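Work through the following exercises with the coordinates open, and try each task before reading its solution.

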There are 2 protein chains.
Amino acid sequence: MTQTSKHRAPATPRAAARARRPVDGLLDPAFFKALADPTRLLLFACLAKCARPCSVSDVAACCNVDFSVVSRHLGTLAAAGLLTPEKRGKHMFYSVRFNDLSLRLRALADAIDQCGPGCCPPAACGCGAPESAPDRPPEPAARRPRAHA
Amino acid sequence: MTQTSKHRAPATPRAAARARRPVDGLLDPAFFKALADPTRLLLFACLAKCARPCSVSDVAACCNVDFSVVSRHLGTLAAAGLLTPEKRGKHMFYSVRFNDLSLRLRALADAIDQCGPGCCPPAACGCGAPESAPDRPPEPAARRPRAHA
DNA sequence: GCTACACTTGCACGATGACGCAAACAAGCA
DNA sequence: TGCTTGTTTGCGTCATCGTGCAAGTGTAGC
């Protein structure tokens, strides 16, 4: 997870938007959306700290929301790949996917590191890093970017 | 950041909710919420791949949304600690906080690893891991958890 | 088969957020 | 000073989401 090969940074943001990088595959809105809600985060933390499969009733005891809300939230977290659902009899157990999560977060950190600065000297960029040319826009960006929409 | 000391897992989810762990401080809803929107994620990826400070107009060229929307999104990302804003003349430059982000993600991965299984033998838990007792609820959870609300 | 329990789902409602437009604000330049 | 350019902010609209209640589904025990 400590690969040091760096990509060449795109010359312009527009080119950057088209360029494919490892970070693209790891920036999944659904993943972050699942963790964007305080209640869901509370349930997830509860499950993580308990470090074992817990039933919906168990987790519902952690916070002051309706039972159905907990059921829905756990389903959302499972759908996003954060939890593993497991039906046992009439109970539904959810457990944190510790390994997957850890790997995913580290992979994202690696991908971000790979994008990091040091691979795009201002002169080669043609876009003027602010240190050398603070006020020269790299290209005449259209005032209305949605022109072709 | 690779500490191996594990906490004792709480016996019940309710206790887990009260227990303080490193993961609690790292699960910030605002952080994940900032990354939960596809457009914002696109702008962030664009900035990350460009690997240099970009002005609002630059980034706006990456996607088909209004200029004001881009301005707002970048502000949101900066407020969440993902970007660094820097005013230079009449341009506003935003740059990805590569180091902070990478450290933050790795810290979260470490905290999740710390919570991981292996620290709470089912017998000591008293809550019945499903492998040994699939159908015995650890405690009679209240049907309406918001009783004291 | 009946009942109890655990959980899911449908529905309505309120809150939040993303979006586009237009106006305002700020900085550089002739 | 007035104009142009870059950016932010106010406002209205629409879609999405979180929530609670109630009903429905599925499983286990009698």
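The exercises below concern salt bridges and strand pairing in a predicted model.

**Exercise 1.** Determine which residue forms a salt bridge with A:Asp24, and which helices the two residues lie in.

*Solution.* Begin with the distance criterion, under which a side-chain nitrogen of Lys or Arg must lie within 4 Å of a carboxyl oxygen of Asp or Glu. The partner that satisfies this criterion is B:Lys49, whose closest N and O atoms with A:Asp24 are 3.0 Å apart. Next, place both residues: A:Asp24 belongs to helix H2 (residues 22-26) of chain A and B:Lys49 to helix H4 (residues 38-50) of chain B, so the pair joins two chains. Finally, consider accessibility, where A:Asp24 has a relative accessible area of 21% and is therefore partly exposed, while B:Lys49, with 3%, is buried because it falls under 20%.

**Exercise 2.** Find how far apart in sequence the parts tied together by A:Asp28 and A:Arg104 are, and classify the exposure of both residues.

*Solution.* The side chains of A:Asp28 and A:Arg104 meet in a salt bridge, with an N to O distance of 3.5 Å. Since A:Asp28 lies in the loop between H2 and helix H3 (29-34) of chain A, and A:Arg104 in helix H7 (residues 98-115) of chain A, the pair ties together parts that are 76 residues apart in sequence. As for exposure, A:Asp28 is partly exposed at 27% relative accessible area, and A:Arg104 is likewise partly exposed, at 25%.

**Exercise 3.** Identify which residues are linked with A:Arg106 in a network, and state how many salt bridges there are over all chains.

*Solution.* A:Arg106 is linked with B:Asp110 and B:Asp113 in a network of salt bridges. Over all chains, the count comes to twelve salt bridges; one of them is formed by the side chains of B:Asp100 and B:Arg97, at 2.5 Å from N to O.

**Exercise 4.** Establish which strands of chain A pair with E3(A), in which sense, and over how many bridges.

*Solution.* Take strand E1 (residues 54-55) of chain A, which runs antiparallel to E3(A) and is joined to it by two bridges; here A:Cys54 has A:Tyr94 as its bridge partner. Then take strand E2 (residues 83-88) of chain A, which pairs with E3(A), also in the antiparallel sense, over six bridges, with A:Glu86 standing opposite A:Phe93. E2(A) and E3(A) form a hairpin with two residues between them, and A:Gly89 in the turn has a positive phi of about 65°. To complete the picture, strand E3 (residues 91-96) of chain A is mostly covered, five of its six residues being buried.

Notes: Residues are numbered from 1 along each chain as its sequence is written. Chains are lettered from A and ligands numbered from 1 in the order in which they are written. This is a predicted model: local features need pLDDT of at least 70, side-chain atom pairs count only at pLDDT 80 or more; totals for chains, interfaces and linings use all residues. Side-chain values use heavy atoms; hydrogens and water are left out. Helices (H or I, at least four residues) and strands (E, at least two) are DSSP runs, numbered from the N terminus. Buried means under 20% relative accessible area, exposed over 50%, partly exposed in between (1.4 Å probe, protein chains only). Two strands pair if DSSP finds at least two bridges between them.
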